[in-house]
Amino acid sequence: MGLVHSDPQVLWGTPVFAGTRVPAETLFDYIEQGDTLDDFLRDFPSVGRDRAVLALQGARCALVDAELATR
């Protein structure tokens, strides 16, 4: 099982952190609102720091790749 999983039986197919019912988008919502990673993990301990950091790193890589593709 990967980092994020989507299943029509879990939150209508919303991508969630694998093995949880925590939408992956929630992590980015927290950061966007000015909350910290620790705030997110305090509210959603089932995600775990390692997986949350991997998600943020993946997003960073996707942004860099997208920027490089436009050059």
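**Exercise 1. Is Phe 44 buried, partly exposed or exposed at 23% relative accessibility?**

Solution. Start with the source. This is a predicted model, with residues numbered from 1 along each chain as its sequence is written; local features need pLDDT of at least 70, side-chain atom pairs count only at pLDDT 80 or more, and totals for chains, interfaces and linings use all residues. Side-chain values use heavy atoms, and hydrogens and water are left out.

Step 1. Take the classes: buried is under 20% relative accessible area, exposed is over 50%, and partly exposed lies in between (1.4 Å probe, protein chains only).
Step 2. Phe 44, at 23%, is partly exposed.
Step 3. Compare two other rings. Tyr 30 has 14% and is buried. Phe 40 has 0% and is buried.

**Exercise 2. Classify the pair of Tyr 30 and Phe 44, and place both residues in the fold.**

Solution.
Step 1. Apply the pair rule: ring centres of Phe, Tyr and Trp (its six-membered ring) lie within 6.5 Å; planes under 30 degrees apart are stacked, over 60 edge-to-face, the rest tilted. The rule gives 4 aromatic pairs.
Step 2. Tyr 30 and Phe 44 are 5.8 Å apart, centre to centre, with 75° between the planes: edge-to-face.
Step 3. Helices are DSSP runs (H or I, at least four residues), numbered from the N terminus. Tyr 30 sits in helix α1 (residues 24-32), and Phe 44 in the loop between α2 (37-43) and α3 (49-69), so the pair ties together parts 14 residues apart in sequence.
Step 4. Phe 44 also pairs with Phe 40: 5.2 Å centre to centre, 35° between the planes, hence tilted.
Step 5. Phe 17, Tyr 30, Phe 40 and Phe 44 form one aromatic cluster.

**Exercise 3. Describe how α1 and α3 pack.**

Solution.
Step 1. Axes are lines fitted to C-alpha atoms over the stretch in contact, and angles run from 0 to 180 degrees between N-to-C directions.
Step 2. The angle is about 80°, with the axes 11 Å apart. That makes α1 roughly perpendicular to α3 (the class covers 65 to 115 degrees).
Step 3. List the contacts (heavy atoms within 4.5 Å). Leu 27, Phe 28 and Ile 31 of α1 meet Ala 52, Ala 55, Leu 56 and Ala 59 of α3.

Key:
Helix = DSSP H or I, 4+ residues; strand = E, 2+ residues; numbered from the N terminus. Parallel < 35°, antiparallel > 145°, perpendicular 65-115°, else oblique.
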